[in-house]
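Subject: Structure handover

Hi,

Here is the structure I promised to pass on to you. Have a look at it first, and then read on for what turned up.

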Amino acid sequence: MDTATSPRRLCRLDDMPDGEAIALDVALPEGEESVILLRLGHHVNAWLNICPHAGRRLDWAPGKFLVSKGMLVCAAHGAAFNVQNGDCIGGPCKGESLRAVPVRVEHGDVLLDV
């Protein structure tokens, strides 16, 4: 198996509070990036921790995010992103999206799938 393209374990699903987001520094093919992992039950969505509005991180403190009413909110300018797909549904970058990072949950592990 090619380890360069095989999935890599990021964390355990049970280590993430349901309905909340965390940030991890992850080595991606294009370099190390801060990645948002947002748990929704047994599913995890992941995006680069970069707001498309101004290129800033979304967290209000390292690894701390505001998630409310199905939205992930950027701490810098209040852009609101749908937790299901990362689409901006309110604020200064409405119509844009967070950049998705492929992950999957397998046997309780959250795996980077690049």
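A salt bridge here is a side-chain nitrogen of Lys or Arg within 4 Å of a carboxyl oxygen of Asp or Glu. Arg104 and Glu106 form such a pair, with their closest N and O atoms 3.1 Å apart, and because that falls within 4 Å, the pair counts as a salt bridge. Please keep in mind that this is a predicted model.

How many salt bridges does the structure hold? There are six salt bridges, and a few of them deserve a closer look.

The pair I would show you to begin with is Glu30 and Arg99, whose side chains meet in a salt bridge at 2.9 Å, N to O. Glu30 sits in the loop between strand 2 (21–28) and strand 3 (31–40), while Arg99 belongs to the loop between strand 8 (88–90) and strand 9 (103–106), so this contact ties together parts that are 69 residues apart in sequence. Glu30 is partly exposed, with a relative accessible area of 47%. Arg99 is also partly exposed, at 47% relative accessibility.

Next come Arg57 and Asp59, whose side chains meet in a salt bridge at 2.7 Å, N to O. Are the two partners buried or exposed? Arg57 counts as partly exposed, at 41% relative accessibility, whereas Asp59 is buried, with a relative accessible area of 11%. For Asp59, the label follows because buried means under 20% relative accessible area.

Back to Arg104 and Glu106 for a moment. Arg104 has 29% relative accessibility and counts as partly exposed; Glu106, at 33%, is partly exposed as well.

There is also a network of salt bridges, which links Arg9, Arg12 and Asp109. That takes us to the sheet. Strand 1 (8–12) and strand 10 (residues 109–112) pair in the antiparallel sense over four bridges. Within this pairing, Arg9 has Leu111 in strand 10 as its bridge partner.

Which strands make up the sheet, and in what order? It is an open sheet of three strands, ordered 1-10-9, with antiparallel pairing. Strand 1 and strand 9 are the edge strands, as each pairs on one side only. From one strand to the next, the twist averages 35°.

I hope this helps you find your way around. Do write back with any questions.

Best wishes

Note on methods
Residues numbered from 1 in each chain as written. Predicted model: local features only at pLDDT ≥ 70, side-chain atom pairs only at ≥ 80, totals over all residues. Heavy atoms only, no water. Helix = DSSP H or I, 4+ residues; strand = E, 2+ residues; numbered from the N terminus. Buried < 20%, exposed > 50% of the residue type's maximum accessible area, 1.4 Å probe, protein only. Pairing = 2+ DSSP bridges. Axes fitted to C-alpha atoms, helices over the stretch in contact; angles between N-to-C directions.
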